[in-house]
Amino acid sequence: MFYDRLRVAMIGTGRISDLHAIEYCQNPHAEIVALCDRDTESARSRASAWGVENARIVEDYRTILADPEIDLVEILLPHHLHCSVTLAAIEAGKVVSLQKPMCVDLAEADKVVEAAANARAPVKVFENFIFYPPVMKAKSLVDEGAIGTPLTIRIKSNPGRSQTAWNVPHAADAWRQERSQSGGGPLVFDDGHHKFALAWHFMGNPEEVHAFIGETQRQDGFCFDAPAMVSFRFPGNRMGNLEVVYSPELDIITRHYAQDDRVEITGTKGVMWINCGHGRLGDPPPLALYRDGELRTFHGMETGWEASFVHSTRHFIEALRSGTAPSLTAGEGRQVLRFALAAEESARTGKTVELR
Ligand SMILES: NC(=O)c1ccc[n+]([C@@H]2O[C@H](COP(=O)([O-])OP(=O)(O)OC[C@H]3O[C@@H](n4cnc5c(N)ncnc54)[C@H](O)[C@@H]3O)[C@@H](O)[C@H]2O)c1
């Protein structure tokens with residue numbers, strides 16, 4: 001099927017939907033025609049904020065799925081709803097973009113992978129960090145051999161506080177504190193999906209995962225699964241880790257979540273640093289590369305975190321128009337989910353989880 005102008009419905013118009021709307025509103029090959037949320041006031045106010053006042057406002061997602069005038073559904077719901085809504089959307093023949101993590105466990109993920117394999121329209125798991133411009137530049141440099149063979153990856157998630165962060169409504173926090181709805185902790189599982197996706201993107205599938213996951217309360221009582229230290233081993237004696245630490249008095253520069261993300265990749269002949277993500281500390285170069293005795297810094301690329309959403313969505317629209325694979329495919333989404341779930345399992349059991 002050739003999509004000249006995709007008719008898009010957002011299912012879930014909560015906190016993150018603002019960043020999903022950007023590219024659909026500016027891309028000539030897409031338009032938002034419906035917004036669905038059980039909180040119709042939220043859907044209505046977003047339609048107005050995005051300049052799509054003529055879009056239909058719908059309370060029940062089944063109304064969206066039954067509408068033949070809708071091509072693509074962007075599923076932005078709490079995690080425990082991902083599987084059932086995605087299966088229904090596939091059954092209805094819609095193109096699906098499903099926010100990460102695709103599901104809360106592998107049994108659900110298997111159902112989605114199977115349904116996607118037999119679907120009439122493409123299915124994508126939405127993972128934006130791999131489309132963050134400094135990450136895309138880093139990946140192309142690594143693929144060109146800039147650091148030689150990558151040997152280790154170190155990823156750091158560092159939430160703090162911020163005067164400039166956006167407002168996260170209580171409702172968006174509430175379901176994240178319920179494991180039956182979130183599937184895991186807010187930093188290691190939910191946000192961690194992005195970090196496991198990065199590790200997977202640069203290093204491939206891990207064969208062993210081990211995690212210590214602690215607990216810290218934010219001032220407002222929200223419980224963080226931090227500090228945490230997750231280690232992973234990849235085939236070929238290559239390794240990595242994810243460190244998550246909440247610094248309550250660390251001021252983060254951001255327009256989104258009060259968090260800084262940093263990545264260091266070490267290869268046989270060079271080292272690369274990606275110095276920002278959700279936010280940043282001061283004004284470091286977004287990307288730096290050391291090799292052959294010289295430090296090279298890279299500037300002039302988009303560093304706003306929203307750019308990762310724009311590029312992820314743009315890639316999907318182009319993939320739909322050219323008939324190429326989305327990124328992530330459902331199978332790839334399952335690989336990242338398996339990685340994230342292994343960390344949760346290791347912390348629970350105190351044992352290394354084998355994924356060979
Ligand atoms: N890619 C990223 O960086 C990123 C960042 C934040 C959130 N997310 C993901 O986006 C998704 C949504 O997260 P959020 O932070 O926007 O959450 P949120 O709680 O702000 O939004 C969820 C919305 O779903 C609506 N909803 C709940 N049940 C519903 C139902 N049965 N029918 C219709 N609407 C329903 C709620 O009213 C709410 O508006 C999650 O998968 C989350 O992991 C991704």
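In which loop is the place of Asn237? In this predicted model, Asn237 is placed in the loop between strand E11 (228-234) and strand E12 (238-244). Phi of Asn237 is near 60°, a positive value in a residue other than glycine. Most residues other than glycine have a negative phi, and most peptide bonds are trans.

Two peptide bonds of the chain are to be read against that background. Lys100 and Pro101 are joined by a cis peptide bond, with omega about -25°. Pro101 belongs to the loop between strand E5 (95-99) and helix H5 (106-117). A cis peptide bond also leads from Ser327 to Leu328, and its omega is near 10°. Here the surrounding elements are helices: Leu328 is in the loop between helix H11 (306-322) and helix H12 (330-349).

The chain as a whole may be approached through its domains. The domain assignment gives domain 1 (6-127 + 308-327) and domain 2 (130-302 + 340-349). Their C-alpha centres lie 25 Å apart. Where the two domains meet, 18 residues of domain 1 are in contact with 24 residues of domain 2.

The UniProt record, an unreviewed entry, offers its own description of the chain. It lists residues 6-124 as "domain: Gfo/Idh/MocA-like oxidoreductase N-terminal". Over residues 6-124, helix accounts for 39% and strand for 23%, while the end C-alpha atoms are 15 Å apart. For residues 139-355, the unreviewed entry in UniProt gives "domain: Gfo/Idh/MocA-like oxidoreductase C-terminal". The span 139-355 is 31% helix and 28% strand, and its end C-alpha atoms lie 24 Å apart.

The ligand brings the two assigned domains together in one picture. Why does the ligand lie between domain 1 and domain 2? Both domain 1 (6-127 + 308-327) and domain 2 (130-302 + 340-349) give residues to the shell around the ligand, so the ligand lies between them. There are 24 residues around the ligand, and those that come nearest are Arg15, Asp37, His79, Asn128 and Trp175. By character, the residues of this shell divide into ten nonpolar, eight polar and six charged.

Individual atoms of the ligand can then be followed to their partners in the protein. A nitrogen atom of the ligand lies 2.7 Å from a polar side-chain atom of Asn128, and Asn128 is also one of the residues that come nearest to the ligand. In the side chain of Arg176, an N or O atom is 3.0 Å from an oxygen atom of the ligand. The side chain of His194 likewise has an N or O atom 3.0 Å from an oxygen atom of the ligand. On its own the ligand has 840 Å² of accessible area, of which the protein covers 91%.

Key
Residues are numbered from 1 along each chain as its sequence is written. This is a predicted model: local features need pLDDT of at least 70, side-chain atom pairs count only at pLDDT 80 or more; totals for chains, interfaces and linings use all residues. Side-chain values use heavy atoms; hydrogens and water are left out. A residue is near a molecule or strand if one of its heavy atoms lies within 4 Å of it. A polar contact is a pair of N or O atoms within 3.5 Å; within protein, one must be able to donate a hydrogen and the other to accept it, and residues adjacent in sequence count only if both atoms are side-chain atoms. Accessible areas come from the Shrake-Rupley method with a 1.4 Å probe; for residues, only the protein chains shown count as cover. Ala, Val, Leu, Ile, Met, Phe, Trp, Tyr, Cys and Pro count as nonpolar, Asp, Glu, Lys and Arg as charged, and the others, Gly among them, as polar. Domain bounds come from an automatic or database domain assignment. UniProt positions are given in the numbering used here, feature names are shortened, and annotations may be inferred rather than shown by experiment. Helices (H or I, at least four residues) and strands (E, at least two) are DSSP runs, numbered from the N terminus. Contact means heavy atoms within 4.5 Å.
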